[in-house]
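Here are my notes on the model you sent round. Have it open while you read, since I go from place to place in it.

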Amino acid sequence: MPADAARAAEVRAITESSRSLRGPLLPILHTVVERFGYVSDDDIPMIADVLNLSRADVHGVVSFYHDFRRTPAPSHTVTLCRAEACQSVGAGALYAATAERFSEDSGVEVGEVFCLGNCALGPAGMIDGRLHGRLSSDRIEALGEGWTR
């Protein structure tokens with residue numbers, strides 16, 4: 001029995017309404033993440049049941065793609081580019097400093113991505129979903145002003 005009956009009913013409705021699509025699993029998972037922010041452990045067996053897939057099949061897709069969170073998102077996210085162009089202008093050190101800066105703050109998640117297409121303005125990153133270029137520790141601190149620590 002799922003922990004949240006209302007969520008379970010909505011996830012089942014999402015799955016049932018999309019199961020006739022060709023290749024419905026990815027669109028269903030995207031819809032669940034859009035609606036709830038993440039795919040819970042209780043969602044996986046329900047989606048598998050409705051689509052007549054194994055739990056392992058659904059879990060494999062959820063765990064393979066980084067877009068499908070397994071836990072609620074933190075209040076703030078900092079995602080820094082680690083591709084070659086950004087690395088050449090200090091992204092490695094910036095990532096390390098940012099990860100250290102927010103290591104004790106459960107409300108901020110620091111992640112990495114390998115190219116945001118903003119190579120000329122590196123180091124680049126996304127802060128709360130918004131693209132920024134020419135980032136530095138001071139600039140990240142200023143953009144995150146007011147975040148609780």
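The points below take the cores, the sheet, the pocket and a few backbone oddities in turn.

1. A caveat to begin with: this is a predicted model. Please read every point below with that in mind.

2. Start with the largest nonpolar core, which has 18 residues. Within it, L29, V32, V39, I47 and V58 have the most contacts. Four helices each give two or more residues to this core: α1 (5–18), α2 (25–36), α3 (43–51) and α4 (55–64). Which of them gives the largest share? That would be α2, with 6 residues.

3. V58 is a good place to click if you want to see how this core is put together. Leaving out residues up to four places away in sequence, V58 touches L25, I44, I47, A48 and L53. I47, like V58, is on the list of residues with the most contacts inside the core.

4. There is another core that lies apart from this one. It has 10 residues, and V78, F102, V108 and I127 are among them. Two of these names, V78 and I127, come back in the point on strand pairing, where they turn out to be bridge partners.

5. Now α3. Is this helix mostly covered or mostly open? Mostly covered: 7 of its 9 residues are buried. The buried ones are D43, I44, M46, I47, A48, V50 and L51, and the elements that cover them include α1, α2 and α4. Of these residues, I44, I47 and A48 are also contacts of V58.

6. Just after α3 the backbone does something worth a look: N52 takes a positive phi of about 60°. Most residues other than glycine have a negative phi. N52 is placed in the loop between α3 and α4. Its relative accessible area is 69%, over the 50% cut-off, so N52 counts as exposed.

7. L53 sits in that loop between α3 and α4 too. How exposed is L53? Its relative accessible area is 34%, which lies between the 20% and 50% cut-offs, so L53 is classed as partly exposed. Beyond its neighbours within four places in sequence, L53 is in contact with L25, A48 and V58. Both L25 and A48 also touch V58. The C-alpha atoms of L53 and G23 are separated by 12 Å, with their positions 30 residues apart along the chain.

8. S18 is in helix α1, whose range is 5–18. With a relative accessible area of 13%, under the 20% cut-off, S18 counts as buried. Outside the four-place window in sequence, S18 touches P24 and I28.

9. On to the sheet. It is open, has 4 strands and runs in the order β2-β1-β3-β4, with mixed pairing. The edge strands, each pairing on one side only, are β2 (108–113) and β4 (130–132). Ignoring direction, neighbouring strands are turned by 25° against each other on average.

10. Inside that sheet, β1 (residues 76–81) and β3 (residues 125–127) pair in the antiparallel sense over 3 bridges. The bridge partner of V78 in β3 is I127. Both V78 and I127 belong to the core of 10 residues.

11. How much space lies in the largest pocket? About 480 Å³. Of the 18 residues that line this pocket, H66, D67, R69, T79 and E109 are the closest to its centre. β1 and β2 each supply at least two residues of the lining, and the largest share, 4 residues, comes from β2. I would colour those two strands when you look into the pocket.

12. Two more backbone details to check by eye. G122 and P123 are joined by a cis peptide bond, with omega about -5°, and P123 is in the loop between β2 and β3. R134 has a positive phi, near 50°, and is found in the loop between β4 and α7 (137–143). At a relative accessible area of 55%, over the 50% cut-off, R134 counts as exposed.

How values were computed
Residues are numbered from 1 along each chain as its sequence is written. This is a predicted model: local features need pLDDT of at least 70, side-chain atom pairs count only at pLDDT 80 or more; totals for chains, interfaces and linings use all residues. Side-chain values use heavy atoms; hydrogens and water are left out. A nonpolar core is a set of buried Ala, Val, Leu, Ile, Met, Phe, Trp, Tyr and Cys residues joined through side-chain atoms within 4.5 Å. Buried means under 20% relative accessible area, exposed over 50%, partly exposed in between (1.4 Å probe, protein chains only). Contact means heavy atoms within 4.5 Å. Two strands pair if DSSP finds at least two bridges between them. Axes are lines fitted to C-alpha atoms, for helices over the stretch in contact, and angles run from 0 to 180 degrees between N-to-C directions. On a 1 Å grid over the protein atoms alone, a cavity is a set of points where a 1.4 Å probe fits but cannot get out, and a pocket is an open set with protein on both sides within 12 Å along at least five of seven lines; lining residues have an atom within 4 Å of a point. Grid points are joined across faces, edges and corners, and a volume is the space filled by probe spheres set on the points.
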